[in-house]
Each structure stands twice: as structure tokens, then as C-alpha cells.
Amino acid sequence: AAIVRKDGKIIDCFIDPPCNTIFYPPNTFLRAKIERKISSTGGYFIKLPNGNKGFLKSKDNYSEGTSLILQSKVFFELQKSQAFTDSLKLTSEHFIIKLRQKGILFSKKLSINYNREEAIKLIKSKNKLFKNVLIICRSSIADINMSQFNDKLEKILLRLEGIFNTESNKKIYF
């Protein structure tokens, strides 16, 4: 495991699990199948690509046999099935991208003097490939110029594209 820090704050975490692991690393995107609904908890037991069972807690209503893209949660108990979410998101130092939502938002902590119009223009020009994607600009964008903003945005959108390409090939994306 490795933690990346900047100015004393954790900005990223990488985990390289052992080969014989029975869990998926945090924030892994994968396709799973709904096995059965647990009405009392508002959740579902799911079948994972590695053959194990997982647990999805969701507000959405899914039928048994439905196949969907999920994201592994960061924390789970080893004695229980690994937890997953259908609220998919990518997080970087400068952006948060949420799937199945739409729009552009800015951090409340971002100065009112920040050139939001130029940022919105850049985002719209780069985000033509993805429908139903919400892009949240974090307050850390105030520390970079528009050229760097463009580079960082391209990088996270390439990561998003990688997830969609991998998913369409029925593979797992870490």
C-alpha cells in the first residue's frame, strides 16, 4: 500500500493486493450480477467476477439476474461479503466525476474571483463523449492555471474512458 501526501494531506492511496486475495481493492469498477434482494436491508447479494459473493446496498430497484457496473467500497469487514456501491465516482486532486448524474459544479470553498466561465468552456469542450456525467471542480483548481486545468481534466477523462472501454470488454478496471 502507498499513500500520496501533499502539504500533509492525503491526496491518493494505492493498494497492490496479494495474488491470492479474495477481495477487490477499494474503488475497483467491475460488472456484477444481482443474485437476490434482501428486502429488510434494502440491499442485494451479488455475484462477482471472481466467483465470490458481494453485497450491494442501493436505493434503486433491481431484478434478479440484472448485470450492472459497481464500484468496490473502501471499507468492509473481512467476515462479511465485500460491499459495493452503484453510485460510481472517480476522485482526483482537482476533480470528482460522478456517473449517472449530469452537470458541472464548483467547490463552495473556491474563490468567487476564479474564472468559472473559462473552466466551464474547457469542460464542455472535453466532455462531449460522456452523457450523464457530473464534474465537480474541487477548490484545489485555484492553485493551477488553465493549461494545467486542461491537462488534469484530460487525464481524469481518459481514466473514465478507460473504465468504459474496459467494461465494454467485460474486464475489471482498477
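Buried residues make up 36% of the 174 residues in this chain, where buried means under 20% relative accessible area, exposed over 50% and partly exposed in between, with a 1.4 Å probe and protein chains only. This is a predicted model: local features need pLDDT of at least 70, side-chain atom pairs count only at pLDDT 80 or more, and totals for chains, interfaces and linings use all residues. Residues are numbered from 1 along each chain as its sequence is written, and side-chain values use heavy atoms, with hydrogens and water left out.

**Exercise 1. Take stock of the chain.**
Task: State how many helices and strands the protein chain has, and give their pattern along the sequence.

Solution.
- Step 1. Assign the elements. Helices (H or I, at least four residues) and strands (E, at least two) are DSSP runs, numbered from the N terminus.
- Step 2. Count. The chain has two helices and 11 strands.
- Step 3. Read along the sequence. The pattern is β-β-β-β-β-β-β-β-β-β-α-β-α.
- Step 4. Check the contacts, meaning heavy atoms within 4.5 Å. Of those between residues at least 6 apart in sequence, 60% join residues at least 24 apart.
- Step 5. Add the surface. About 11300 Å² is exposed, and carbon and sulfur atoms supply 51% of it. Accessible areas come from the Shrake-Rupley method with a 1.4 Å probe; for residues, only the protein chains shown count as cover.

**Exercise 2. Follow the partners of strand 3.**
Task: Find which strands are joined to strand 3, and in which direction they run.

Solution.
- Step 1. Fix the rule. Two strands pair if DSSP finds at least two bridges between them.
- Step 2. Take strand 6 (residues 67–72). Five bridges join it to strand 3 (residues 29–38), and the two run antiparallel. Lys 33 stands opposite Ser 67 of strand 6.
- Step 3. Take strand 4 (residues 43–47). Five bridges join it to strand 3, again antiparallel. Arg 36 has Phe 45 of strand 4 as its bridge partner.
- Step 4. Look at the turn. Strands 3 and 4 form a hairpin with four residues between them, and Gly 42 in the turn has a positive phi of about 70°.

**Exercise 3. Lay out the four-stranded sheet.**
Task: Give the strand order of the open sheet, and say which strands are at its edges.

Solution.
- Step 1. Order the strands. The open sheet runs 8-9-11-10, with mixed pairing.
- Step 2. Find the edges. Strand 8 (89–91) and strand 10 (103–106) each pair on one side only.
- Step 3. Add the twist. From one strand to the next it averages 15°.
- Step 4. Inspect one pair. Strand 10 and strand 11 (residues 133–137) run parallel and are joined by four bridges. The bridge partner of Ile 104 is Ile 135 in strand 11.
- Step 5. Place the helix. Helix 1 (residues 116–126) packs on the sheet, touching strands 10 and 11, and its direction makes about 145° with that of strand 10. Axes are lines fitted to C-alpha atoms, for helices over the stretch in contact, and angles run from 0 to 180 degrees between N-to-C directions.

**Exercise 4. Dissect the largest core.**
Task: Say which element gives the most to the largest nonpolar core.

Solution.
- Step 1. Define it. A nonpolar core is a set of buried Ala, Val, Leu, Ile, Met, Phe, Trp, Tyr and Cys residues joined through side-chain atoms within 4.5 Å.
- Step 2. Size it. The largest has 25 residues; Ile 97, Tyr 114, Ile 135, Phe 149 and Leu 153 have the most contacts inside it.
- Step 3. Trace the sources. Strand 9 (95–99), helix 1, strand 11 and helix 2 (146–168) each supply at least two residues. Helix 2 gives the most, with seven.
- Step 4. Zoom in. Beyond four places in sequence, Leu 153 touches Phe 95, Leu 122, Ile 123, Lys 126 and Ile 135.
- Step 5. Look elsewhere. Apart from this core lies another, of 12 residues, among them Ala 32, Ile 34, Leu 48 and Leu 68.

**Exercise 5. Examine Ser 72.**
Task: Is Ser 72 buried or exposed, and what does its side chain reach?

Solution.
- Step 1. Locate it. Ser 72 is in strand 6.
- Step 2. Check the cover. Ser 72 is buried, with a relative accessible area of 1%.
- Step 3. List polar partners. The side chain of Ser 72 reaches the backbone nitrogen of Thr 28 at 2.9 Å. The backbone oxygen of Pro 25 lies 2.5 Å from a polar atom of that side chain. A polar contact is a pair of N or O atoms within 3.5 Å; within protein, one must be able to donate a hydrogen and the other to accept it, and residues adjacent in sequence count only if both atoms are side-chain atoms.
- Step 4. Compare distances. Ser 72 and Phe 84 are 12 residues apart in sequence and 4.4 Å apart in space, C-alpha to C-alpha.
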